[in-house]
Amino acid sequence: MNAPLIGARIARKEDYRFLTGAGQYTDDVTLPNQAYAAFVRSPHAHANIKSASVEKAKKAPGVLGVFTGADVAAAKLGGLPCGWLITDVNGQPMKEPPYPVLAQGKVRFVGERVAVVVAETLAQARDAAEMVDVKYDELPAVVDGRKAIAKGAPQIHEAAPNNTCYVWALGDKAAVDAAFAKAAHVTKLEFVNNRLVPNAMEPRAANGYYSRAEDSYTLYVANQNPHVERLLMTAFVMGLPEHKVRVVAPDVGGGFGSKIYLYAEDVVVTWASKQLNRPVKWTADRSEAYLSDAHGRDHATVAELAMDKDGKFLAMRVSTVANVGAYLSTFASCVPTILYATLLAGQYTTPIIYCQVTAAFSNTSPVDAYRGAGRPEATYVVERLVETAAREMKIDPAEIRRKNFIRQFPYQTPVALLYDTGNYDATLDAAMKMADVSGFSSRKKSSEAKGKLRGLGYACYIEACGIAPSAVAGSLGARAGLFEAGEIRVHPTGSVTVFTGSHSHGQGHETSFAQVVADRLGIPIENVDIVHGDTSKILFGMGTYGSRSIAVGGTAIMKALDKIIAKGKKIAAHLMEAAEGDVEYNKGVYQVKGTDKKKMFGEVAFAAYVPHNYPHEKLEPGLNENAFYDPSNFTFPAGSYVCEVEVDPETGKVRIDRWTAVDDFGKIINPMIVEGQVHGGLAQGIGQALTENCVYDASGQLTTGSFMDYSIPRADDVPNFQVDTRETPCTHNPLGVKGCGEAGAIGAPAALMNAITDALGVKDMPMPASPQNVWNALKNRKAA
Amino acid sequence: MGIKVSLKVNGKAASAEVEERTLLVTFIRETLRLTGTHVGCDTAQCGACTVSMNGRAIKSCSILAMQAEGADITTIEGVAKADGTLHPMQAAFKEHHGLQCGFCTPGMVMNAIDFAKSHPNPSEQEIREALEGNLCRCTGYHNIVKSIAAGAKAMAAGK
């Protein structure tokens, strides 16, 4: 019991229920008198609604109600809010056109919600949805962000001229331009960071229930941050007091960002449940998920790096058009700005950086944070530029990185962040050794002998996690602080329930958070349970995204534990008739310094709840503490990935031969869980670079709307990963932790594309490196 | 309107009147309320709905309930021993961290058990190919592959 729990590979507490089919995901929750919703969605990318006739649907078997935009407007349901205000280059606020929960006279993307049908069974709801007769006047559509902001493009919102949400910039343009003018060498790339569909395996779902008896709502929803969902829904959309709404995010089958947001369906089923006095459940089928989940990435970028004659970086200049889709999703505005441009220093001492971002509305599903959220896009810019620069200047790609690594900490970047600590040589050296980079040339010869092309690529990424110091976030436009809450409830016999505002949707908090608590208190991990995902149980929480759970949520728990231990000392001092200052706590035991007088943690807990002998005049009974934690800085996980590919020039097929990842996540609580997070992140990053691509045709139809058209990696698309870690503890949280959830997805695309372009001998090629794109790149190279 | 479907699920007789168009997975989840079998797509690609039918792993989203008339079905709820002890394949997934969010897991386990019956000592490549019909978005498959290799060996050893 006294073996350290922090750093231990402990099998997960939550696994038993998942392995035996006892998980409770939102769609598994069926309430008494359950009714089912089906949404009528726009088949057009851009159209005026002439009429919506619902009479036939209303009369269909089993139908309880049909609601359209007119109904929600009459009920004064507000639009979906955006949580982050970006101020443009002229000091003006971004354009925020309304995002109605059901379309108001106009539709702006295929899949937009036009009406909802609620019926006794799902089949009846779907049948009746087919009977809703909506007449449209089609309008020309635009799906590409660059085309959307060009002259003559169809105008999507009256409130956003030229389809421009904002033009935003960071850095001193004049100084950067001057540095470029003097540079010995400039490397320039133009590329698209391809649009992705998150595809958590559990489709979104929501089950809203209104109780007349209690005059209150309960919403079960597949969501990463139930308190944020509740706050946005009550205060900004429905005008309800929060104590009348309980939001439960039970077991959630993956999120990757896509379940952060308040979606229209969540609001509509909650509202409809009161209209019909029935619980109303909606579960997306995968086709609906493709159409209506927030997508990720979709940047078109021109990036340049200026260097002196030795390959020392002098300046970086980046211009990006970010496609935000038809409406602003909850955090859409901060992803291509605050979470992107601030990461452009990467691991390097580039002294000045200028980045300009134009956010464009288009007739596509809204785009928001997807695993990494801005940081994969930034890493792709930096690491593709650096690798390309090395090749152009005939410097070894590892060497050019070492020449420019940051080695003095804390380090103030030119793009607003203050890195507290890091050791980039350590991860790169370790990765190169594990990857046997020195043996690459002989492996390349063997491949050549077989008629295959072999390439090697690096990516040395950095990310800012643990969002956020609230004051910093607020100064950058966040409309809410981003602290976290934790509560420790010690039960009378010394077992513990922990309530956290973080949410686990695969990350294993029930285990890793229990390790932290059991380790700090010195009690068996079996005596600790973690509760998350229910606004009726947990005081508050900002939820899980941006790899913030352990760094922010874990620290809130540590703070609450400090209070528990401090109060326990007072109680123990009283019980042992000692001065409070003489009592020490260590591994589950309160002891009077220098004596053998001691009380076990459980004895003190018992005394706190059943206080016969208790200092009532000085101390309240009970042992329950909560804490809020607002971090003083971001955390900065970083690492080095080395990827080696073999390409068949006859077919264009890329095979990943070896993948090495060495990450520095600071202190690690459970290495088994951390490795799993890295593996999953890598697979998503590999998916972006190799197989995944979200495509709308020119008319705005989604042509990649299923697993048969949009290829998330399968088991034989990804290699066996070699992963390891180096540990430079974070300097500003008590656990020394940084966060690990997104690293793989951030670093992998650049490493893989660097390897593929190396193999092909081309400067650049588009993601994904599908056989067709590879084959075309080879053909173009031969033609050149 | 409707049709009576009778079959055996996890060793127990189950019978109900359902619409003809009812899929087997809907029958399992909605009629029998066995919600461990999941639905992750609508194109028979993801495998989250995999169950055992007459000893073979099948995707329960791609047949009608009435096509399973008289069949012997095992779902994820019927895999562990009656006393709650995990099946060797389930235990291997836990030991090797072969699951994260747990949503694809029931289908993975059901497919893996069927696969392991004919592959007592599978290679990594064989396992990866056998997972062609099961999608996971969390694990990058790395630990699922390890779990299945270990689970297959444990199943073979336990025979």
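# A guided tour of chains A and B

In this predicted model, begin in chain A, where α10(A) passes α11(A) in a right-handed crossing. To see this pair, select residues 375–392 of chain A for helix α10 and residues 397–404 of chain A for helix α11, and look for the place where their axes come within 8 Å and cross at roughly 115°. Because angles of 65 to 115 degrees count as roughly perpendicular, α10(A) and α11(A) are described as roughly perpendicular to each other. Now show the side chains at the crossing: from α10(A) the contact takes A:V386, A:E387, A:A389 and A:A390, while α11(A) brings A:P397, A:I400 and A:R401. If you colour these residues by class, the contact of α10(A) with α11(A) shows five nonpolar and two charged residues, with no polar ones.

## A second pair of helices in chain A

Next, select residues 226–238 of chain A, which form helix α7, together with residues 264–276 of chain A, which form helix α8; the two pack at an angle of about 70°, and their axes are 11 Å apart. That angle makes α7(A) roughly perpendicular to α8(A). The crossing of α7(A) and α8(A) is right-handed. Which residues of α7(A) and α8(A) make the contact? On the α7(A) side you will find A:E229, A:M233, A:V237 and A:M238, and on the α8(A) side A:D266, A:V267, A:T270 and A:W271. Sorted by class, the residues of the contact of α7(A) with α8(A) are five nonpolar, one polar and two charged.

## Where chain A touches chain B

Now bring both chains into view and turn to the contact between them, which takes 42 residues from chain A and 45 residues from chain B. On the chain A side, select α1 (15–19), α9 (286–292) and α18 (671–691), each of which supplies at least two residues of the side that touches chain B. Of the elements on this side of chain A, α18(A) gives the most, with seven residues. Taken by class, the side of chain A that touches chain B has 20 nonpolar, 14 polar and eight charged residues.

## The two domains of chain B

Hide chain A and colour chain B by its domain assignment, which gives domain 1 (3–78) and domain 2 (88–157). The C-alpha centres of domain 1 and domain 2 of chain B lie 21 Å apart, and where the domains meet, 15 residues of domain 1 of chain B are in contact with 11 residues of domain 2 of chain B. On the domain 1 side, select β3 (50–53) and β4 (56–59) of chain B, since these are strands that each supply at least two residues touching domain 2 of chain B. The largest share of that side, three residues, comes from β3(B). By class, the side of domain 1 of chain B that touches domain 2 of chain B holds six nonpolar, eight polar and one charged residue.

## The strands around β3

Stay with β3(B) and zoom in on its pairing with β4(B), which is antiparallel and runs over four bridges. Here B:V51 stands opposite B:I58 in β4(B). Following the chain between the strands, you will see that β3(B) and β4(B) form a hairpin with two residues between them, and that B:N54 in the turn has a positive phi of about 50°. Finally, add residues 72–74 of chain B, strand β5, which runs antiparallel to β3(B) and is joined to β3(B) by two bridges. To end the tour, select B:S52, whose bridge partner in β5(B) is B:T74.

Terms used:
Residues are numbered from 1 along each chain as its sequence is written. Chains are lettered from A and ligands numbered from 1 in the order in which they are written. This is a predicted model: local features need pLDDT of at least 70, side-chain atom pairs count only at pLDDT 80 or more; totals for chains, interfaces and linings use all residues. Axes are lines fitted to C-alpha atoms, for helices over the stretch in contact, and angles run from 0 to 180 degrees between N-to-C directions. Angles under 35 degrees count as roughly parallel, over 145 as roughly antiparallel, 65 to 115 as roughly perpendicular and the rest as oblique. A crossing is left-handed if the near helix is turned anticlockwise from the far one by less than a right angle, and right-handed if clockwise. Two residues are in contact if their C-beta atoms, placed from the backbone, lie within 7 Å. Ala, Val, Leu, Ile, Met, Phe, Trp, Tyr, Cys and Pro count as nonpolar, Asp, Glu, Lys and Arg as charged, and the others, Gly among them, as polar. Domain bounds come from an automatic or database domain assignment. Two strands pair if DSSP finds at least two bridges between them.
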